Structures are given as structure tokens and as C-alpha cells.
Amino acid sequence: MSAARNCRLIGRWRIVEADLWGRDYLGLLEPATITIGANVHGEIAFGAMQAGLDLGYSTSMVSFTWAGCDEMDEVSGDGHAELLDDGAIEIAFAYHNGDEAILKAKPETSSTVLLAA
């Protein structure tokens, strides 16, 4: 994938739905978000899971591997996020040897914070 400079997904997104979990779970500990930084790193948090992302970019998509903790257990996996026609993103999120989920996120308009390059 090409450099981040042309990627339209850079920024902070609020995760608003998932096919495996309800909204109450998504926001269990904090608002469910994914941050796609311009420096090949990002973050995702929902439910009791928090993880760092290692990113690859194209104009309307990012791919990632991730590692973090879920209920105090180390977890990892991979996924990708794709820009939809309505301006939201669809995130395919997979745990290593485990669940796979589809998440939907919308731009977080109150935040202009990006991870530094």
C-alpha cells in the first residue's frame, strides 16, 4: 500500500455498531474508537479491549495488525478498514485464531487529534 499522505481514513473514528456485540458492550469502559494515525500506528478500543495498530495505507483503505489486552489477557489479530460511500468506515476485525467481526465507525467530528508523523 502507498504512503499515508493520500489516505482519507486518517483521523479518529467513533465505532457505532458491530455484528457481534451490542452498543452497551462497545462503550463498556470508554467510548469505542479507532484512531488511524499518519505514522503507520493507530489505536482501537471497544468493550474491554484496547490495542495498538500497525498500519498499511491506500487512498480509501487501511490494513492493520494489532496487539493489546482484552479483559487482562493478551490478544492480537489483523484486519482492515474501508471507506464507504456514506463517509463511514467498515472495519473487518479478527482475533488471532478467534472471532471475526464487522464494525462500523463514523468520523469523530469533535476531534482533530492525529498521531504525529
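Begin by selecting strand S2, residues 33-36, in this predicted model. Show the side chains: Thr33 and Thr35 point one way from the strand, while Ile34 and Ile36 point the other way. Each of these residues, on either side, is buried. In a regular strand, side chains alternate between the two faces of the sheet.

Next, add strand S1, residues 11-18, to the selection. S1 and S2 are antiparallel partners, paired over four bridges. For a point of reference between them, label arginine 14, which stands opposite threonine 33 of S2.

Now turn to the other partner, strand S3, residues 41-46. S2 and S3 run antiparallel and are joined by four bridges. Here isoleucine 36, already seen among the buried residues of S2, stands opposite glycine 42 in S3.

Follow the chain through the hairpin of S2 and S3, where four residues lie between the strands. Which residue in this hairpin takes a positive phi? Select valine 40: its phi is positive, near 65°.

Then widen the view to the whole sheet. The strands form a closed barrel of eight, in the order S1-S2-S3-S4-S5-S6-S7-S8, with antiparallel pairing. On average, neighbouring strands of this sheet are turned by 30° against each other, direction ignored.

Finish with strand S7, residues 89-95, and strand S8, residues 100-107. This pair is antiparallel and is joined by six bridges. Within the pair, select isoleucine 91 and leucine 103: the isoleucine stands opposite this leucine of S8.

Note on methods. Residues are numbered from 1 along each chain as its sequence is written. This is a predicted model: local features need pLDDT of at least 70, side-chain atom pairs count only at pLDDT 80 or more; totals for chains, interfaces and linings use all residues. Side-chain values use heavy atoms; hydrogens and water are left out. Two strands pair if DSSP finds at least two bridges between them. Helices (H or I, at least four residues) and strands (E, at least two) are DSSP runs, numbered from the N terminus. Axes are lines fitted to C-alpha atoms, for helices over the stretch in contact, and angles run from 0 to 180 degrees between N-to-C directions. Buried means under 20% relative accessible area, exposed over 50%, partly exposed in between (1.4 Å probe, protein chains only).
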